[in-house]
Amino acid sequence: MSGGLFVTGTDTGCGKTEITLGIMHNLQQQGESVLGMKPIASGADMTRDGLRNEDALRIQAQCSREIPYSSVNPLVYQPPIAPHLAALAKGQPIRLDEIIQGYNQLQEMADRVVVEGVGGWHVPLGDSITLADLVRTLDLPVILVVGIRLGCLNHALMTAECMLNSGVPFKGWVANLVDPQMQALEENIITLQSWLPAPCLGEVPRLESPTPDRVAEYLDGPLLDAIQ
C-alpha cells in the first residue's frame, strides 16, 4: 500500500467530486489500483437499496474493483444540510473511529485510497469536531480544489492557512473553473500560484459533460510524484 490521499475544497460546489474522479483516473492510468471513499455525504435519494448519494455512486463506479456502497459512503444523510445537523436529526453522532476503521479496510485492498471530504475545511462534524480533525486522524496528504470564481483568492488562501495550521501535509491544489465568465481569470490563477505554498497540479476548464478521463487530461502527469 503506497498511501492514501485526501481531497478537500474551498467550499461547497467547488467541484471536489469531479476532481476526485479525475485524480482516481489519473492514478489508475499510472498503473495504480485505486479505491475511492466519501465518508460523509449529505443529500441522498431513497432507493430500494437504501439511501444513495449521487457523488458517492460515481466514486464507487470509478473504483478499480467492486466494493459495497457502504464501504465508499458509510455515513449518508437524506437532507442536503450540514452533516452535523443531519447526524443530529438522525440521532446518530458522527464517529471518527468508524470512518477510520472503514478507511483502514479499504487501505488493505488497493495501492491507494482517494478520500473526498464534505463541504469546506472547517465544516462541523459534531461538538468541537470539524473536517480538519478527520484529516488529521487519517494522517493523509491533502490536495485542495479551488473553485475559480469571484472570491476564490480569499477562500483559497484562508483554507491553505487553516490546513497548514492543522499540521497536515498540503501537497498541491487544482484550479477548477466554476465560472467561465470570471474576469481576470488568468491573473487570479497566477496570483494563487504565487501565494499558495504548494504546486498547482492542474487547471480544469468548465466542461459540458465532465467525465473522469476528460478531467484527468488537465491534471499534471507528475501528480503521483507530488503526493508521495
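Q: How many bridges join S10 to strand S11, and how do the two run?
A: In this predicted model, start by finding strand S11 at residues 170–177. One place to look is Val-142, which stands opposite Phe-170 in S11. S10 and S11 run parallel, and the number of bridges joining them is seven.

Q: Which helix makes a β-α-β unit with S10 and S11?
A: Look for a helix at residues 152–166. Together with S10 and S11 it makes a right-handed unit. That helix is H7.

Q: Which residue in S10 does Val-7 stand opposite?
A: Strand S1 covers residues 3–9, and four bridges join S1 to S10. These two strands run parallel. Opposite Val-7 you will find Ile-143.

Q: Is S10 largely enclosed by the rest of the structure, or largely open, and why?
A: Take one side of the strand to begin with: Val-142, Leu-144, Val-146 and Ile-148 are all buried. On the other side, Ile-143, Val-145 and Gly-147 are buried too. Because seven of the seven residues of S10 are buried, the strand is largely enclosed.

Q: Which strand gives the most to the largest nonpolar core?
A: This core has 75 residues, and Ile-148 is among those that touch the most other members, along with Phe-6, Ile-23, Leu-134 and Trp-173. The strand we want spans residues 142–148 and gives six residues to the core. It is S10.

Q: Which residues is Ile-23 in contact with, leaving aside its neighbours within four places in sequence?
A: Ile-23 is one of the core residues that touch the most other members. With those sequence neighbours left aside, its contacts are Leu-5, Val-7, Val-114, Ile-143, Leu-219 and Leu-223.

Note on methods. Residues are numbered from 1 along each chain as its sequence is written. This is a predicted model: local features need pLDDT of at least 70, side-chain atom pairs count only at pLDDT 80 or more; totals for chains, interfaces and linings use all residues. Side-chain values use heavy atoms; hydrogens and water are left out. A nonpolar core is a set of buried Ala, Val, Leu, Ile, Met, Phe, Trp, Tyr and Cys residues joined through side-chain atoms within 4.5 Å. Buried means under 20% relative accessible area, exposed over 50%, partly exposed in between (1.4 Å probe, protein chains only). Contact means heavy atoms within 4.5 Å. Two strands pair if DSSP finds at least two bridges between them. A crossover is right-handed if, with the strands pointing away from the viewer, the path from the first strand over the helix to the second runs clockwise.
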